[in-house]
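Dear colleague,

Please find below the structure I am handing over to you, followed by my notes on its salt bridges. I would be grateful if you could read them alongside the coordinates.

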Amino acid sequence: MRELDYSKVGMRIRQVRKAKGWSQDELAKKCGISMSFLGHIERGTRIMSLDTFVNICAALGTDADELLWGIVHPTDAHLVDMWRQPQNRQADNYAIYVRIMKSVAEIMNEA
């Protein structure tokens with residue numbers, strides 16, 4: 001089984017954030033966390049909750065695989081459309097949880 005490297009996850013979050021031209025403060029506000037905590041996440045010095053990870057994925061418009069392992073998959077257009085509809089926010093979180101769990105299961109089966 002592959003071990004998660006939190007400093008690499010944080011580095012990927014930082015890279016995607018910077019590619020969008022966002023400051024730490026902008027991303028932190030979109031995710032409902034403090035800028036200080038986001039800084040710790042990006043440096044890999046603190047571990048985020050699954051809820052925070054889902055919010056970061058949603059805010060950045062990235063797949064879990066991209067941030068966790070650096071594996072980029074084409075985005076599911078339907079899911080992206082759901083993210084743009086605030087009234088479906090709960091459904092979005094559930095769908096993201098399902099995708100994350102599927103990604104983790106696939107990775108565990110590869111090991």
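In this predicted model, Glu42 and Arg14 form a salt bridge through their side chains, with an N to O distance of 3.4 Å. The contact links distant parts of the chain, since Glu42 lies in helix 3 (residues 35-43) and Arg14 in helix 1 (residues 6-19), 28 residues apart. The two partners are placed as follows: Glu42 has a relative accessibility of 1% and therefore counts as buried, whereas Arg14, at 25%, counts as partly exposed.

Glu42 also meets the side chain of Arg17 in a salt bridge, here at 2.7 Å from N to O. This pair likewise connects distant parts of the chain, with Arg17 in helix 1 and Glu42 in helix 3, 25 residues apart. Both Arg17 and Glu42 are buried.

A further salt bridge joins the side chains of Lys29 and Asp25, at 3.2 Å from N to O. These residues are 4 apart in helix 2 (residues 24-31), so about one helical turn separates Lys29 from Asp25. Lys29 counts as exposed because its relative accessibility is 63%, over the 50% cut-off. Asp25, at 30% relative accessibility, counts as partly exposed.

Taken together, the salt bridges that share partners join Arg14, Arg17 and Glu42 into one network. The count for the model comes to 3 salt bridges.

With kind regards

Definitions and conventions: Residues numbered from 1 in each chain as written. Predicted model: local features only at pLDDT ≥ 70, side-chain atom pairs only at ≥ 80, totals over all residues. Heavy atoms only, no water. Salt bridge = Lys/Arg side-chain N within 4 Å of Asp/Glu carboxyl O. Helix = DSSP H or I, 4+ residues; strand = E, 2+ residues; numbered from the N terminus. Buried < 20%, exposed > 50% of the residue type's maximum accessible area, 1.4 Å probe, protein only.
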